[in-house]
Every structure is written in C-alpha cells, then in structure tokens.
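Me: I would like to go through this structure step by step. Please keep each answer short and end it on the thing I asked for.

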Amino acid sequence: MHRFTNNGVAALAVAIDASVDTITLGVGEGDRFAGISISSGDVQHLTITSPDLPDVVEIIEVYGRVSGTDVLEVQRGIYGTAAVAWPAGATVSARVTAGMLKSFAQGRFDDYLKAPKGVVPLSREIV
C-alpha cells in the first residue's frame with residue numbers, strides 16, 4: 001500500500017552515490033515521512049533534487065524506515081528516473097508523482113454508480 005505524508009521535506013545528511021540503497025537524512029528528519037517496516041509491504045515515493053544538479057530529479061521508493069530513525073531503505077531511480085550521485089544537503093521531499101496517481105482507481109463517475117454493491121470498477125489508464 002502507498003503511504004503518504006503532507007509536505008515532508010528533509011536533507012541528505014551525507015552524500016550518496018548511484019548504487020546505495022540506504023540513505024540517511026538529517027537528525028530528526030526521518031519522522032517527516034511515513035514509518036514503514038520492510039515486513040509491511042508498504043511504500044512511500046519521494047523525490048530527490050539539488051540546486052547543484054538543477055535539471056536532475058530522482059524518484060525513490062522507500063520500503064523501510066523504522067519510526068524514530070533517520071535512515072531510509074530505498075529502491076532508487078523509479079518511474080523512469082535514474083539513480084545518480086547526490087551531495088550532502090540534497091532535498092528529499094514528498095511530492096505527488098504520476099506513478100502515485102496511476103495507482104488510484106480511475107474511471108467515470110457513472111462507472112461507480114452502475115457497479116453492483118461491493119464491486120469496484122477496474123482502473124483505467126491515465127493518458
């Protein structure tokens with residue numbers, strides 16, 4: 001299940017290269033995002049940006065963060081973005097992504113009115 005937080009923003013505590021799958025945020029900044037355990041199967045999508053790389057955006061999927069810590073276990077470079085090296089201080093933020101929106105049920109209003117009780121109409125692709 002996708003987990004969300006409102007306006008979560010943090011900074012990388014240390015620089016990372018393109019191959020790491022664990023990132024550390026500034027002290028106390030981990031709680032700005034969802035507390036997700038690896039065993040839950042939940043995820044939160046976050047975006048990394050930096051003024052040092054003005055035309056680069058990386059979307060990551062957080063699949064583990066113990067509540068009260070500032071360390072995120074992540075899958076890098078999702079939704080067609082590339083995993084890149086980021087400097088310390090790069091911004092990690094909870095933004096809306098097209099991939100998130102595609103995960104929600106789509107359809108016309110009357111699809112829901114005509115569906116039998118307890119049945120959710122199939123999602124439709126966002127174009």
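**The loop between β3 and β4**

Reply: We can start in the loop between β3 and β4, where V57 lies. The model is a predicted one.

Me: Is V57 buried, partly exposed or exposed?
Reply: A residue counts as buried under 20% relative accessible area and as exposed over 50%. The relative accessible area of V57 is 39%, so V57 is partly exposed.

Me: Which residues is V57 in contact with, leaving aside its neighbours within four places in sequence?
Reply: Contact here means heavy atoms within 4.5 Å. With the sequence neighbours within four places left aside, the contacts of V57 are T47, I48, T49, T81 and W86.

Me: What separates the C-alpha atoms of V57 and T47?
Reply: T47 is among the residues that V57 contacts. Along the chain, V57 and T47 are 10 residues apart. The separation of their C-alpha atoms is 6.8 Å.

Me: Is S50 buried or exposed?
Reply: S50 also belongs to the loop between β3 and β4. The cut-off for buried is under 20%. S50 has a relative accessible area of 8%, so S50 is buried.

Me: Which residues does S50 touch, not counting those up to four places away in sequence?
Reply: The side chain of S50 has a polar atom 3.1 Å from the backbone nitrogen of D52. Not counting residues up to four places away in sequence, S50 touches W86, P87 and A90.

**Strand β3**

Me: How many residues of strand β3 are buried?
Reply: Strand β3 covers residues 44–49. On one side Q44, L46 and I48 are buried, and on the other H45, T47 and T49 are buried, so both faces are covered. The strand is largely enclosed by the rest of the structure, because the buried count is 6 of the 6 residues.

Me: Which residue in β4 stands opposite I48?
Reply: Strand β4 is made of residues 58–64 and runs antiparallel to β3. The two strands are joined by 5 bridges. Opposite I48 in β4 stands E58.

Me: Which residue in β6 is the bridge partner of T49?
Reply: Strand β6 spans residues 91–93. β6 pairs with β3 in the antiparallel sense, over 3 bridges. The bridge partner of T49 in β6 is T91.

**The whole sheet**

Me: What is the order of the strands in the open sheet?
Reply: The sheet has 6 strands, and the pairing is antiparallel. Their order is β1-β6-β3-β4-β5-β2.

Me: Which strands stand at the edges?
Reply: An edge strand here has a single partner strand, so one of its sides is left without a neighbour in the sheet. From one strand to the next, the twist averages 40 degrees. The strands at the edges are β1 (9–11) and β2 (22–24).

Me: Which residue in β5 is the bridge partner of I23?
Reply: β2 pairs with strand β5, residues 71–78, in the antiparallel sense. There are 3 bridges between β2 and β5. In β5, the partner of I23 is L72.

**The whole protein**

Me: What pattern does the protein follow along the sequence?
Reply: The protein has 6 strands and 2 helices. Read along the sequence, they give the pattern β-β-β-β-β-β-α-α.

Me: What percentage of the residues in the protein is buried?
Reply: A residue counts as buried under 20% relative accessible area. The protein has 127 residues, and the buried ones make up 35%.

How values were computed. Residues are numbered from 1 along each chain as its sequence is written. This is a predicted model: local features need pLDDT of at least 70, side-chain atom pairs count only at pLDDT 80 or more; totals for chains, interfaces and linings use all residues. Side-chain values use heavy atoms; hydrogens and water are left out. Buried means under 20% relative accessible area, exposed over 50%, partly exposed in between (1.4 Å probe, protein chains only). Helices (H or I, at least four residues) and strands (E, at least two) are DSSP runs, numbered from the N terminus. Two strands pair if DSSP finds at least two bridges between them. Axes are lines fitted to C-alpha atoms, for helices over the stretch in contact, and angles run from 0 to 180 degrees between N-to-C directions. A polar contact is a pair of N or O atoms within 3.5 Å; within protein, one must be able to donate a hydrogen and the other to accept it, and residues adjacent in sequence count only if both atoms are side-chain atoms.
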